[in-house]
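Me: I would like to go through a protein model and ask, for each word used about it, what earns that word. Could you set the values beside the definitions for me?

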Amino acid sequence: MQVIILGGFLGSGKTTLLLSLAHYIVSYDQDKKEENGVSLAIIENEIGEISIDDKTLQSGGYDVSTLFSGCICCTLVSDLLICVHDISRKIKPSWIIIETTGLAYPDRVAEALREYCKKFKKLSVQVIVDAERWEELSEIMQPLIHGQIAKADGVLLNKTDLVDHHRIVQIEKSIAEINDRARVFKVSGLKGIDDEVWKSVLSLGKEMPDGQ
């Protein structure tokens, strides 16, 4: 089982890209060795009482587990660990995508999974960045935006169709100053994501030698 943690600030396009990634995994993943042949499970984190995104995901034909009333990088860590354990035992998917709330630090979720959960063989942190609002968010929400990017394995620079080439180059430089190890993918969720992007995204991450 392999885990992808998908983070990014509110409005960055996480659900659109998640649906695209989920479609790619279900359509092209050939590693369905588990006895029930399930490719993918999705865990969504929402703060509040009503989830909007999970209805969108479910309308796409995906089963979604939702964690409410807190952020999984702090108050809901134990709930997340239980959820991952239950999914790995009952559903046995090849992949789990964990979509964090826009206020989460995805690397903290990754640290908790690496320390307390041995049910996966590889884990990666992918953060979605809003190219259109980069300057604004970097100024107003600098600790959060920089913190989300700092330990990511990959950065999906979304909405590149809404900004010019010069701004994209400047954003890439800014991302590299925060995390020069992350691979940056320039994408547009509205125009569709090339399969080669998702193939590269799935190749990223750290192996867990004792994972399953």
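Reply: What follows is a set of questions about terms, each answered with a value and a cut-off.

Me: Before we begin, what kind of model is this, and how are its residues numbered?

Reply: This is a predicted model, in which local features need pLDDT of at least 70 and side-chain atom pairs count only at pLDDT 80 or more, while totals for chains, interfaces and linings use all residues. Residues are numbered from 1 along each chain as its sequence is written, and side-chain values use heavy atoms, with hydrogens and water left out.

Me: How many helices and strands does the protein chain have, and what makes a stretch count as one?

Reply: The protein chain has eight helices and eight strands. Both are DSSP runs numbered from the N terminus, a helix being a run of H or I with at least four residues and a strand a run of E with at least two.

Me: Why are H1 and H8 called roughly perpendicular?

Reply: Helix H1, residues 14-28, and helix H8, residues 195-203, pack at an angle of about 85 degrees, with their axes 10 Å apart. The axes are lines fitted to C-alpha atoms, for helices over the stretch in contact, and the angles run from 0 to 180 degrees between N-to-C directions. Angles under 35 degrees count as roughly parallel, over 145 as roughly antiparallel, 65 to 115 as roughly perpendicular and the rest as oblique. H1 and H8 are therefore roughly perpendicular to each other.

Me: Which residues of H1 and H8 meet, and what makes a pair count as a contact?

Reply: Leu17, Ser20, Leu21, Tyr24, Ile25 and Tyr28 of H1 meet Asp195, Trp198, Lys199 and Leu202 of H8, where contact means heavy atoms within 4.5 Å. The residues of this contact divide into seven nonpolar, one polar and two charged; here Ala, Val, Leu, Ile, Met, Phe, Trp, Tyr, Cys and Pro count as nonpolar, Asp, Glu, Lys and Arg as charged, and the others, Gly among them, as polar.

Me: Why is phenylalanine 185 called buried?

Reply: Buried means under 20% relative accessible area, exposed means over 50%, and partly exposed lies in between, with a 1.4 Å probe and protein chains only. Phenylalanine 185 has 6% relative accessibility, and therefore counts as buried. This residue is found in strand S7, and, not counting residues up to four places away in sequence, phenylalanine 185 touches Val155, Leu156, Leu157, Val197, Ser200, Val201 and Leu204.

Me: And why is alanine 182 called buried?

Reply: Alanine 182 has 11% relative accessibility, so alanine 182 also counts as buried. Its place is in the loop between H7 and S7, and, leaving aside neighbours within four places in sequence, alanine 182 is in contact with Ala152, Asp153, Gly154 and Val155. Alanine 182 and valine 155 are 27 residues apart in sequence and 6.5 Å apart in space, C-alpha to C-alpha.

Me: What makes aspartate 86 and arginine 89 a salt bridge?

Reply: A salt bridge is a side-chain nitrogen of Lys or Arg within 4 Å of a carboxyl oxygen of Asp or Glu. The closest N and O atoms of aspartate 86 and arginine 89 are 3.5 Å apart, and the two form a salt bridge. Both lie in helix H3, residues 77-90, three residues apart, about one turn of the helix. By this rule the count comes to seven salt bridges.

Me: How do you know that lysine 186 and glutamate 172 form one, and where do they lie?

Reply: Their side chains meet in a salt bridge at 4.0 Å, N to O. The pair links distant parts of the chain, with lysine 186 in strand S7, residues 183-186, and glutamate 172 in helix H7, 14 residues apart.

Me: Which partner in the salt bridge of aspartate 130 and arginine 133 is buried, and which is partly exposed?

Reply: The side chains of aspartate 130 and arginine 133 meet at 2.8 Å, N to O. Aspartate 130 is buried because its relative accessible area is 4%, whereas arginine 133, at 24%, is partly exposed. Asp130, Arg133 and Lys159 are linked in a network of salt bridges.

Me: How do you know that lysine 14 has no salt bridge?

Reply: The nearest side chain of opposite charge, glutamate 99, is 4.7 Å from lysine 14, which is buried and has no salt bridge. For charge, Lys and Arg count as positive and Asp and Glu as negative, while His and the chain ends are not counted. Lysine 14 is found in helix H1.
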